[in-house]
Every structure is written in structure tokens, then in C-alpha cells.
Number of protein chains: 2
Amino acid sequence: MTEKLTLNMNAYLPLRDVVFNTLREAILKGELKPGERLMELQLAARLGVSRTPIREAIRMLELEGLAVTIPRKGAQVAKMTEKDMEDVLQIRQALDELAVKLACDKITEQQLRQLKSAVRDFEESTRSRDVKKVAQADVAFHDAIYKAADNPKLMNLLNNLREQMYRYRVEYLKDETAYPTLIAEHREIYEGLLRRDKEAVAQAMVKHVMNQEIVVKNIIREQE
Amino acid sequence: MTEKLTLNMNAYLPLRDVVFNTLREAILKGELKPGERLMELQLAARLGVSRTPIREAIRMLELEGLAVTIPRKGAQVAKMTEKDMEDVLQIRQALDELAVKLACDKITEQQLRQLKSAVRDFEESTRSRDVKKVAQADVAFHDAIYKAADNPKLMNLLNNLREQMYRYRVEYLKDETAYPTLIAEHREIYEGLLRRDKEAVAQAMVKHVMNQEIVVKNIIREQE
DNA sequence: AAATCATAAAATGTATACAAAATACAGGAG
DNA sequence: CTCCTGTATTTTGTATACATTTTATGATTT
């Protein structure tokens, strides 16, 4: 529990949002560890604000599944067991399949071009050896598909699910031997969308998520 | 905006939770209408509490998608357009399909018996002509499947999606001519699970949700 | 009559104070 | 030494006060 947290003071955004973003980042980066208590007074002192915005930010973290609070006992950073991860990945698989199927019907020519360059950017990023960059490029690829699916609620859910496994995903992307497979899968998905071959893209996406599942589960097992 | 709201004072539950439940009910029952502003001071006065628990309850309503807040402008009851409803139903379809497939693998003998009686209860409820009862029995049927799927996060999501269309669902269940179809579909799903025929249950469930989609969309169109 | 601006009223944002509950801790009993 | 138990401390829950922003009002101008 280091003294790292600092607010990214954006004059106008309500403090609860600034605090929320700060805590969210800290949780995703692992600075606040799973199971760690989120004590209002302490956080308030560290961030130099009152308890009010802290409390509201915590309610918002619950919304994202990043914190769990027990009445009159306080909040802690959400823990994630292997089973939890399996559960999340099952859902992601179903929703990613849905997203790519919807995208198949609705994607525009322009969005196809954007997706193509996202595929290319991802390939390039893997050559940079910068895991953070790789992760970002991967997010961009999937976001392009989500946008094409034209279902904001679905996009929201998927972003949220992705966030819940962020920490493990970063670990996952450190394994450079996986890059060729990932690149190939991205290409396959892109080409399926280009041909608007719904069955093919659905299958490719399911495979893509399934591969992640296997690796991520291994990572969790190793950690224990 | 009637003076209806009253707190169900449960001595121990934090006020934010009591307020949350109260407002949630009011929104689902239609006492607080889509687009209506949720003003803290006013709600606080009506419910006889301070603004603090109101504010936290509003944050929690956002979590459920029942309220939307704009910084420095306040919260309002979430509106739902036909497109929103379509989006929700697409997601529901995918996740209900997932749930029933998972249930196919995991459902126990005991849970099968419970599901059977849920099917029977639903049939009986339709004879009662009490829409509220019918809705409850329908919820019980689906919950039995969700429980069998053994994925709490999935159950959570599905309950949440169901909640978001509660008002329309009740309208939907007022149409008695739909009952025979519903009963037949429930039976079909149950029998598929009994045979553990994954393809059959998935198909039956997709059909079931699709039928709802058609009817609910008609209802929305009529309202406009 | 419509538009604009100044001012007043009301609403949200934040901090703080006090109450109630949970936790930690020390001392004593067994 | 372990287990209670009661007290002190910490933490959460709630109300309230004040600051800031938004919204409403109404007079004034065109």
C-alpha cells in the first residue's frame, strides 16, 4: 500500500469521477490488490478529498465489478478465482460471437477499412515488444468490431467483461509465442467479415476467445 | 408524481439499500416514469431521509441501467427506445441460449424436478388470470434454468436484462392468447433438458426469446 | 412578440460533524 | 497459555452546511 495514488485533477469533472478513474486504474494496474480493503478515510486522506466522493466512486466500482462491499463492513477490491474467470470467459465467448455476427450484417465499407488497419496495427505492435502497446492494439481491434455491431449496450458489457480480466490479459500478452496465432486469428476474423460469412466469423471468434481461455486459466493456476 | 413512495423500513439494512429498492420498485412499476428527473432534495423529503443515501442509491440505479445521470445536471429515469429494447433482446437471446446450453451439461436430477414443477406452476398460473402471478411463475421458470447453468455472473446479467424490460414484459403477459405458445415453449425447453439435447434446447430457447421480441416490439410501437 | 440578459431560485457537488456499528486490544478469568 | 469480555479505537452510515453550477424568472430591448 504505497503512497502512489494521485488525482489527475481535471478541473471540471466531478470528483467522484476523478476518484473513480484513479481507483479503477490502481486496481487494474495491481496497485490495489484483490481482497485489499478500500477504507474511505484512508483513501480520502491519500487523495486529498473528503469521504463523499470516495464513497460514490466505490459505488461506481461495484458497478464495474471491481469492488465488493459488505454493508457496515466496507469495500474491498474484488477477488477473482479460476471459476470466476471461467464464468466471465463463457459469457465473453457468447457475446463476442454475437457481436461479430451482428457486425457481419452491419459493418460498413469504412469500418472494414478501419478494421483492416487495426489488424495491421496489431501486427506491428507485436514487433515492438511493448506489451502495453500490444494490449492497446488488441483492444482497438475488438472495439472496431463492437462498434460495427451497432449495439451500445453490448459494447458496454463487453468492455466491462474485458476490464474484469485486464490484469490476466496483460500477463497473457507477455507470451510472445502466442503472437502468430493471435495475428492469424485476427486476420481470419477480418477476412470472414470481408466476405460477410457469418458462420466463418462466428467460428473464428469462438476459437479466438477459447484460446485466450486456455492460456489465461494456465496463468491463474501458475499464480497459485 | 404522487406522494406514493414510502420506505420499507428494515431497521438494519443501510438506508441507501432501502432507498435503492424503493426507487427501483417505483421505476419498474411505472410510478417514476422514463425521463422523469430524480431530484435529490425532493426524493429526500419524500422519503424522509437526507440526500446522502439518495445520492448513493442513484449511483446504484445507474448500475442497473435504470437511471442515467449527467454530471452537474442530475439523474433521470432511463428511457428506452425501440432500438434499446432490440439491443437488450439480442443480448438476452445470446445469453439465454448460453444459459440453457450450460444447464444442459450441468443440470442435476433434483433441478430437473424443480424445473418440471416450475413448468407446471406456470401452466396453472395462466389459468388464474392474475398477470402478476403469471409473470412470477415465468421468472421462476427461467431462474431455475439460470441456477442450473451454474454461472452466477451470467445469472446476474440475465436478471438485470430482464429487469430492464420488466414494464414491457408485464404488458406482454397480459395477452392471454400467447399463453398456449408460452406453455408449449416451456415444455419444449424442459424436455430438451431432460434429454440433454443441447441443440434442441438452444433452438427452443432462441425461439422463445424471439417470440417475446416480436410481441414486445409491437407493444412499444403501439405506445407511440 | 421574440430574443437577450441580469438576477433569483433551485439543484448538484463537496466537506464536515456526529451517530452507530465493527474491530482491535488489553486485562482478567479459567 | 487460551479464551472471554469490556473498553477504546477505527470505520462506516447519515445528516447537514456551504460552495458552485444550472435552471427559472422576468424585465428590457429590438
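**Two DNA strands and two protein chains**

Colleague: By class, how many nonpolar, polar and charged residues does the surface near DNA strand C have?

Modeller: Near means a heavy atom within 4 Å; Ala, Val, Leu, Ile, Met, Phe, Trp, Tyr, Cys and Pro are nonpolar, Asp, Glu, Lys and Arg charged, the others, Gly among them, polar. This is a predicted model, where local features need pLDDT of at least 70 and side-chain atom pairs 80 or more, while totals for chains, interfaces and linings use all residues. Residues are numbered from 1 along each chain, chains are lettered from A and ligands numbered from 1 as written, and side-chain values use heavy atoms, without hydrogens and water. The surface near DNA strand C has eight nonpolar, three polar and 10 charged residues.

Colleague: Happy with that! Which part of DNA strand C accounts for 70% of its atoms within 4 Å of the protein?

Modeller: There are 21 residues around DNA strand C, with A:Leu15, A:Ser50, A:Thr52, B:Tyr12 and B:Arg51 the closest. The 70% share of strand atoms within 4 Å of the protein belongs to sugar and phosphate.

Colleague: And which side chain has an N or O atom 2.8 Å from a base nitrogen of DNA strand C?

Modeller: Polar contacts here are pairs of N or O atoms within 3.5 Å. Two of them go to phosphate oxygens of DNA strand C: the backbone of A:Ser50 at 2.7 Å and the side chain of B:Tyr12 at 2.3 Å. The base nitrogen at 2.8 Å is reached by the side chain of B:Arg51.

Colleague: Over to DNA strand D: which residue puts a polar side-chain atom 2.7 Å from a base nitrogen?

Modeller: Phosphate oxygens of DNA strand D lie 3.2 Å from a polar backbone atom of A:Glu40 and 3.2 Å from a polar side-chain atom of A:Arg55. Of the strand atoms within 4 Å of the protein, 69% are sugar or phosphate and the rest base atoms. The base nitrogen at 2.7 Å pairs with B:Thr52.

Colleague: Which ring lies under the charged end of B:Arg72?

Modeller: A charge sits over a ring if Lys NZ or Arg CZ is within 6 Å of the centre and within 35 degrees of the normal. A:Arg72 lies over the face of B:Tyr12, 4.6 Å from the ring centre. For B:Arg72, at 4.5 Å, the ring is that of A:Tyr12.

Colleague: Lastly, about how much area do chain A and chain B bury between them?

Modeller: The contact (heavy atoms within 4.5 Å) takes 32 residues from each of chain A and chain B. A:Arg59, A:Arg72 and A:Lys153 supply 21% of the area chain A buries there, more than any other three residues. Buried area is the accessible area (1.4 Å probe) lost on putting two parts together, summed over both. Here 59% of it is on carbon and sulfur atoms, and the total is about 2700 Å².

How values were computed: A polar contact is a pair of N or O atoms within 3.5 Å; within protein, one must be able to donate a hydrogen and the other to accept it, and residues adjacent in sequence count only if both atoms are side-chain atoms.
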